Amino acid sequence: MTVLSRRSLLQSAAAAGLAAQALPLRAKPLKPSARAALLVIDVQNCFVEGGTLPVKSGAEVVPIINKLSTAFANIVLTQDWHTAGHASFASSYPGKKPFETTKLKYGQQVLWPDHCVQGTDDAALRGDLKLPTAQLIVRKGFHQDVDSYSAFEEADRKTRTGLAGYLKERGIRTVYLTGLATDFCVAWTALDARKLGFNVYVIEDATRAIDLNGSLAAAWKKMKAAGVKRIQSADIVTA
Ligand SMILES: [Zn+2]
């Protein structure tokens, strides 16, 4: 449903004498301010069909993100950027298979197929992502022994990427998250952003999930508890 049709629905509800709050619809479309940023998480060849760790229907987020970008003065992208033989790759452990887990120094780690290796076409941002006004690309997961789902903090929960400092120095207080995958890099980034004091929206239809053993429902539950707001792209006014 488009923003306009929501509005007219609300108007006709008002005309009919119904209480607007009875409708489970957003009455007022969101208009991101100059102190908000669109974060585009890991929209790379590796995470879409034909890549090494494809997220189901991952490429579908691209046109949605391109359209959303017109509403934002600030855009930041992230790029998963691993060394060959990275600690998050199943191939680094004899006998281990992708999607099994192992214990690393910092805790449990899901093991993935080799993906997003630095400098490869697989690790490149999607070619149809059209974000000429984007200002920063944060690369993450480049330390050999530490994974990094979050755009703010690596999986050891100590090493910072520098993104919080960048956003804060630029006066950005609100982040709108999009990209891949909802239940891993998007969720971890959203939770860290809340911890760091940002207002956080996840634009659900601009993400796609891996959903490994119920991970998607678990991620939404955690994000809701942390105060992350779950919205749709139609809730935002675009050009
Ligand atoms: Zn990775």
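Leaving aside its neighbours within four places in sequence, which residues is T189 in contact with?

**View 1. T189 and its surroundings in helix α4.** Contact here means heavy atoms within 4.5 Å, and by that rule T189 touches L39, I41, Y149, S150, A151, F152 and L177, its neighbours within four places in sequence left aside. With 0% relative accessibility, T189 counts as buried (under 20% relative accessible area; exposed is over 50%, partly exposed in between; 1.4 Å probe, protein chains only). Helices (H or I, at least four residues) and strands (E, at least two) are DSSP runs, numbered from the N terminus.

This is a predicted model, where local features need pLDDT of at least 70, side-chain atom pairs count only at pLDDT 80 or more, and totals for chains, interfaces and linings use all residues. Residues are numbered from 1 along each chain as its sequence is written, and side-chain values use heavy atoms, with hydrogens and water left out.

**View 2. The zinc ion and its protein donors.** D80 (OD), H82 (NE2) and H115 (NE2) lie 2.0 to 2.1 Å from the zinc ion. Donors are N, O and S atoms within 2.8 Å of the metal (3.2 Å for Na, K and Ca); water is not among the atoms, so sites may look incomplete. The donor spacing in sequence is D-x1-H-x32-H. D80 sits in strand β2 (residues 75-80) and H115 in the loop between β4 (107-110) and β5 (136-140), so this pair ties together parts that are 35 residues apart in sequence. D80 counts as buried, at 3% relative accessibility, and H115 counts as buried at 3% too.
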